[in-house]
Structures are given as structure tokens and as C-alpha cells.
Amino acid sequence: MNEPREHWYEEDSGPLVRLFAVTGGRGGIQRPELSMTTQLVDVQRGASVRRTEPEYAAIVRMCRTPISVAEVAAHLQLPLAVVKVLIGDLIDEGRLVYRTPPPPTGSTADMGLLTAVLEGIRSL
């Protein structure tokens with residue numbers, strides 16, 4: 001079972017970031033109030049960001065208009081859990097406010113739409 005090892009070189013591996021460095025080692029913090037669809041907005045527009053890490057400034061810039069947590073994570077190209085920690089810091093400082101959409105009540109699925117999507121997938 002001694003298979004030859006693959007050699008990785010730095011230029012081949014792409015940008016590697018230790019995520020605990022971005023969050024200051026706080027990867028396990030849970031923010032149950034933040035879901036992927038939670039909308040964020042900066043309430044202190046024009047004020048400078050107190051934190052020096054570039055991720056915080058980027059989040060604040062994105063939140064000039066309402067944006068979801070998932071969109072912030074996608075733009076930053078960071079895992080959702082890491083982004084929630086950073087967003088939580090900005091919420092705790094009073095920099096961002098958030099609004100979580102209410103959970104759906106009842107069945108709002110349109111069977112016609114679901115059938116059309118299913119047929120589209122089958123035709124692939």
C-alpha cells in the first residue's frame with residue numbers, strides 16, 4: 001500500500017489561510033441568530049472601522065446595502081462559520097444590524113414550478 005506521494009508546491013496549492021488566524025482562534029463560536037439568509041446592513045455608514053483586519057473592512061463595505069450572510073461569505077471566499085464569527089464581532093460592536101427572515105409557514109411550494117424543474121433536470 002505504499003503509493004507514491006503527490007508533491008505539492010506552493011504555487012500549485014493556491015492561497016492557504018489558517019482560518020483560526022482570521023478569527024483569532026474563535027472557530028467554534030455559534031451564532032444561531034445568523035442564518036445564510038440573514039440580511040445585514042451597516043448602521044454607521046461613513047465611520048471608520050475600528051478593527052484593522054482587512055476582512056472586517058470588506059464586510060462593512062459590502063453591508064452598505066442589505067446583503068445576506070451567504071453572499072458575504074461567497075465574496076470573501078471564506079467558510080460560512082468563519083464569516084459568522086466576523087459578522088458577530090461587528091454586530092456586538094453595534095456596527096452592523098441584522099434581520100433574519102421569518103421561517104416559512106405551511107407549504108409554499110408551487111407544484112407546477114417543482115414539476116418544471118424536475119423535467120428540466122431529467123432533460124439534461
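In the predicted model, Val117 is placed in helix H6, which covers residues 111–122. The residue is partly exposed, with a relative accessible area of 44%, and together with Leu113 and Ile121 Val117 makes a nonpolar surface patch of about 290 Å². Because a residue must have over 30% relative accessible area to belong to a patch, the value of 44% computed for Val117 is in keeping with its place there.

The strands of the model form an open sheet of 3 strands, arranged in the order E2-E1-E3 and paired in antiparallel fashion. Strand E2 (67–68) and strand E3 (96–99) stand at the edges of this sheet, and each has a single partner strand, so that one side of each is left without a neighbour in the sheet. Between E1 and E3, which run antiparallel, there are 4 bridges, and within this part of the sheet Leu40 stands opposite Tyr98 in E3.

Strand E1, comprising residues 39–42, also holds Asp42. This acidic residue is buried, its relative accessible area being 6%, and its side chain is joined to that of Arg95 by a polar contact of 2.8 Å. When neighbours within four places in sequence are set aside, the residues in contact with Asp42 are Val60, Cys63, Arg95 and Leu96; Arg95 is thus both one of the residues in contact with Asp42 and its partner in the polar contact between side chains.

The structure contains 5 salt bridges, among them two that involve Arg31. In one of these, the side chain of Arg31 meets that of Glu33 at 2.9 Å, taken from N to O; in another, the side chain of Arg31 meets that of Asp92 at 3.3 Å, again from N to O. The pair formed by Arg31 and Asp92 links distant parts of the chain, since Arg31 lies in the loop between helix H2 (19–23) and E1, whereas Asp92 belongs to helix H5 (residues 80–92), 61 residues apart. The accessibility of the participants was also computed: Arg31 counts as buried at 14% relative accessibility, Glu33 counts as partly exposed at 26%, and Asp92 counts as exposed at 57%.

A further salt bridge is found between the side chains of Glu93 and Arg51, with a distance of 2.6 Å from N to O. Glu93 lies in the loop between H5 and E3, while Arg51 lies in the loop between E1 and helix H3 (54–62), so this pair ties together parts that are 42 residues apart in sequence. Glu93 is partly exposed, with a relative accessible area of 23%, and Arg51 is likewise partly exposed, with a relative accessible area of 29%. Through salt bridges that share partners, Arg31, Glu33 and Asp92 are joined into one network, in which Arg31 takes part in the pairs with Glu33 and with Asp92.

Conventions:
Residues are numbered from 1 along each chain as its sequence is written. This is a predicted model: local features need pLDDT of at least 70, side-chain atom pairs count only at pLDDT 80 or more; totals for chains, interfaces and linings use all residues. Side-chain values use heavy atoms; hydrogens and water are left out. Helices (H or I, at least four residues) and strands (E, at least two) are DSSP runs, numbered from the N terminus. Buried means under 20% relative accessible area, exposed over 50%, partly exposed in between (1.4 Å probe, protein chains only). A polar contact is a pair of N or O atoms within 3.5 Å; within protein, one must be able to donate a hydrogen and the other to accept it, and residues adjacent in sequence count only if both atoms are side-chain atoms. Contact means heavy atoms within 4.5 Å. Two strands pair if DSSP finds at least two bridges between them. Patches are made of residues with over 30% relative accessible area and no salt bridge: like charges are joined within 9 Å, nonpolar side chains (Val, Leu, Ile, Met, Phe, Trp, Tyr) within 5 Å. Accessible areas come from the Shrake-Rupley method with a 1.4 Å probe; for residues, only the protein chains shown count as cover. A salt bridge is a side-chain nitrogen of Lys or Arg within 4 Å of a carboxyl oxygen of Asp or Glu.
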